[in-house]
Amino acid sequence: MDAYSAGSVWHRWDPHIHGPGTLLNDQFKGEDVWESYLGCIEAAAPKLRALGITDYGSISTYERLLASRSEGRLPDVELLFPNIELRLLVGTGTDTAVNLHLLVCPDDTDHVEQTKRFLLTLTFERKGEKYRCEPGDLIRLGRAHKGQIESDIAALEEGTNQFKVDFQSVREARKNSQWARKNILFAVSGSSVDGTAGLQKDSSFASVRKEIESEADIIFSAQPNARSFWLGKGAATRDDLDREWGGCKPCLHGSDAHKLSSVGKPALDRYCWIKGELIFESLRQACIEPEGRTFIGLEPPSTARPSQTIASMSILKADWIGAEPIRLNPGLVAIIGPRGSGKTALADILAAGTDAAEWDNQRSFLYRARHLLKGSDVSVSWGDDTEQTTPLIQSDTDGEDLPQVRYLSQQFVERLCLAEGVSDELLEEMERVVFQAYPSEQRIGIASFTELLATNASKHRATLRREREVLISVSDALVNERAAKANVPAMERQLRGLNERMAADQRDVAQLLKSVPGTDRQRIEELAEARNRRSETLVQRMRRKTALAELEEEVDDVQDNFAPSFEMRIRADYADTRLNASQWDMFSLTFAGDVTGLLQRRNEAEAKEISLLQGPTIKPLSIDELSAASSYISADAKLLEQPISLLEAELKRLHALAGIDESNNRKVSLLQSTITKAGVEATQLNERITYAKLADERIRDLLVKRSNAYEKSFAALIAEEEQLKELYEPLRQRIASQSGSLAKLSFQVQRRVDMERWTQQGEALLDLRKGGPFQLQGTLLKVSEAKLRGAWESGSATEVSEAMRQFRAENEDALVTHAPKDAASGAGRQKWARQISSWLYSSDHISIAYSIQYDDVDVEQLSPGTRGILLLLLYLAIDTEDDRPLIIDQPEENLDPQSIYSELVEHFRRAKQRRQIVIVTHNANLVVNTDADQVIVARSEGHVPGCLPRMHYDSGGLENAGIRKQVCDILEGGEIAFKERAKRLRVRLR
């Protein structure tokens, strides 16, 4: 046994090849034909590694080839075995006998003698004379059949051509020989010319055909439909094959060369590939695992990419292990051994050499032996001929590189599948696998599952955010409109009071001016009216100027903050559009014109108008000075065009001329100023009353807008829900095609409604001490559960909006009944109404959530063992995007044997076809029933305190008898696993 054999790998075999001197149809011609024949084999491409040397009832060609190889020929051919072709006493529709091949194991040193002895047990009877399958009797048979034949060779050929065997006698001969049962495989031709397929032309041979095929171990056929049939993928199912034909069978094919031009050159380049070591036992394993171990085609089935396959590892500068490279199979590698033999050590070291070590894992070999590993390195060689050497102690740079393998240590799986609750790391790992399962073309430039969710839901979340803002704005506007409408009577009372006060003030002014001559009094009244009118205009101008200043600040904010921020955001969010700089410039937010200049000009104009309205500053004068002063305004001047300062100065002058004393003069001025202010206030109040009286129409519009915004917010939530379902669809389809536990895995997208949170927020706004419908805590929850939960959880946006409309209509009076004391009137009531509206139409208690479920149970509620199975299944069956080597330390931990067999075995078998897998295991099923491609057997010796024990590793495939024995000796249930596999596959163990 090769200590570091890579185990079961694909090799090209030619199990059916004749040679010069073959007893029938010998077309090998030319001088030194044997040398030419050997040269053809040595030059074959792809290289021939195993040959079944074929002849009719003889092994003489095989013996000659053995001699040539012992002389140094055929250096690439590691296995030669006899293929004895016999003709049965059953003919096909072409009058050709069905061919049966005896494939003989060459392992025994006396196999040549044993084979000849077995052939002597095969006889042919003619005219009462029995002839054995040996040269002398065949020569006699030839002469007996054809009469006088000059040479023994010609007689031997004729006798061989006439020699036929009864299938039952061949079967009995093998059955009765212990050596034959152990060393001979039956292969039958599947051809319609000289094989069992030719028997279908005569239905009377149907039973004979099934009998022959069911006893056969191997079918010689290169037809794709024949391979499909014998794998249970054609006209017959696997159950049919088990019941009628003794199980599935491998289809093999050789060149069947009878001339030099055909040596190693089967028709249509249908080369025969067998996975296994170059020993005869690989044929037996192919009979057990026909689909996984045999292939006919130009090249063998591909496995992991060379760049993603660890070809070998070497542990350097270590006195506790040899430095020879340990070769690794590109498929499934199983590391076994007694406890403490160094199994996990090998996995940890391999992880260290591929940047996947868990240096801080205190239970790992690397951590526990860190003081003894100083100076040692691990060298890893990859299938693409790249190499990497890594120290076996942690360095400052460890952890910076992306791991080149996926390493699932025992502690990693235990950490992810905690007994109490579920770690975020498990959910993150599951999300990572889900993300990798999503179509790659739809996640280009997206780095994670969370980012994928955000990307797919961003549009709907933005819509939801905008509609929630609209709801807040509309709710505020409704409160204000209703407050304004409710305030109309109060404003009308206020207006009446203002008008009454102005009338009284005007009467008081008239009384104070009653002594003024009529002409002067009329002039004073005209001036007072003009001043009042001009004061109203001044107030309007000042309000306009204030609004212009605020608008200018808003414009500045848009230009300085909002627009640059918007442009930066869209450039970042939509960088994938690959727009160039000039194209991005087209998205700049700019106003249609020079709004800043416009506002500045308007502001300056208003300031000028205000200055003109106010007029020049006039120096205050005493009564005497006023009496002597000339008029400030000419008699023919238009008073409504005069500045306020001149109108007030002229009023004061006329008061002085009229003889009004200083005290009354101040009273008149004050009253006239009060009348002016009241007039302005009354004008504004009139405007507000007029506006408030039209509130009903605006309220109707706002109610429609609020209903629409509420419906749109839920439409956005539902759109996000549908988007997430679409996101999971590829994964759902992939899971649907799986079997076993994986088919029970699902990713549920649903609306989650936190009714308790919503009702608690509502109850916080109510006085539950008051007598009323919601007096008792929890009543609001009960009512809302009945009226709203169903719509919130599964209703359409329209149904949600209608449910809220009905809820409000049925409960609005009840809510008002429970209004708190500080909401009785005024600003408190408005604040409460705003809070109630915001609460009712909120949706932040509703979220779109996804959950990972198994058999309709959330992962959080599963046992650690079930979580472990799911995690492994995700890696093996769903995580197909990751083709890095997968290293798993004891995947069977915490799993029952039935779960391992029923859930994991088949997925390991499938996964090893696309990625390299290395498992450390104590479980025989994970070695035998997965048909592990390589078994590495670990053992250690010489346990000395303070030193590492000497570690040894042997390796090989399951076809290797020594490896099989160690599997049985080391693994619990190893022998049982082999027997169970044979029973399951209907295989005869010899």
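Buried here means under 20% relative accessible area. With that in hand, welcome to a set of close-up views of a predicted model.

**View 1. Helix 13 sits largely enclosed by the rest of the structure.**
Helix 13 covers residues 343-352, and nine of its 10 residues are buried, so the helix has the rest of the structure around most of it. The buried ones to look for are Lys343, Ala345, Leu346, Ala347, Asp348, Ile349, Leu350, Ala351 and Ala352.

**View 2. Strand 3 is mostly covered and has a partner in strand 2 and another in strand 4.**
Of the 13 residues in strand 3, 10 are buried. Strand 2 (residues 50-56) runs parallel to strand 3, and seven bridges join the two. One place to find this pairing is threonine 54, whose bridge partner in strand 3 is asparagine 83. Strand 4 (residues 97-104) runs antiparallel to strand 3 and is joined to it by six bridges. Here you can look for glutamate 85, which stands opposite histidine 101 in strand 4.

**View 3. The largest cavity has a volume of about 70 Å³.**
Rolling a probe the size of a water molecule over the atoms reveals where empty space remains. In this model there are four cavities of 30 Å³ or more. Lining the largest cavity are Leu24, Tyr56, Gly57, Glu85, Leu86, Arg87, Cys133, Leu138, Thr160 and Phe163. Which strand gives the largest share of this lining? Strand 3 (residues 79-91) does, with three residues. Sorted by class, the lining holds six nonpolar, two polar and two charged residues.

**View 4. The largest pocket has a volume of about 930 Å³.**
This pocket is lined by 37 residues, and the closest to its centre are Lys275, Glu291, Gly292, Lys912 and Gln913. Several elements each supply at least two residues of the lining, among them helix 10 (238-245), helix 11 (281-288) and helix 12 (290-293). Strand 11 (294-297) and helix 31 (897-911) also supply at least two each. By class, the lining of the largest pocket has 15 charged, 12 nonpolar and 10 polar residues.

**View 5. Strands 15 and 16 form a hairpin.**
Strand 15 (residues 377-382) and strand 16 pair in the antiparallel sense over five bridges. Aspartate 377 stands opposite proline 391 in strand 16. Four residues lie between the two strands, and aspartate 385 in the turn has a positive phi of about 70 degrees. In a regular strand, side chains alternate between the two faces of the sheet. Strand 16 (residues 387-391) has Gln388 and Thr390 on a covered face, while Glu387, Thr389 and Pro391 make up an uncovered one.

**View 6. The largest nonpolar core has 97 residues.**
In soluble globular proteins, nonpolar side chains tend to be buried together. The residues with the most contacts inside the largest core are Trp792, Met804, Leu840, Phe908, Val927, Val935 and Val967. Helix 25 (residues 695-736) gives the most to this core, with 11 residues. What does valine 935 contact, leaving aside its neighbours within four places in sequence? Valine 935 is in contact with Ala334, Ile336, Val927, Asp954, Ser955, Gly956, Leu958, Ile963 and Val967. Apart from the largest core lies another, of 64 residues, including Leu141, Phe167, Val170 and Ala173.

Methods. Residues are numbered from 1 along each chain as its sequence is written. This is a predicted model: local features need pLDDT of at least 70, side-chain atom pairs count only at pLDDT 80 or more; totals for chains, interfaces and linings use all residues. Side-chain values use heavy atoms; hydrogens and water are left out. Buried means under 20% relative accessible area, exposed over 50%, partly exposed in between (1.4 Å probe, protein chains only). On a 1 Å grid over the protein atoms alone, a cavity is a set of points where a 1.4 Å probe fits but cannot get out, and a pocket is an open set with protein on both sides within 12 Å along at least five of seven lines; lining residues have an atom within 4 Å of a point. Grid points are joined across faces, edges and corners, and a volume is the space filled by probe spheres set on the points. Ala, Val, Leu, Ile, Met, Phe, Trp, Tyr, Cys and Pro count as nonpolar, Asp, Glu, Lys and Arg as charged, and the others, Gly among them, as polar. Two strands pair if DSSP finds at least two bridges between them. A nonpolar core is a set of buried Ala, Val, Leu, Ile, Met, Phe, Trp, Tyr and Cys residues joined through side-chain atoms within 4.5 Å. Contact means heavy atoms within 4.5 Å.
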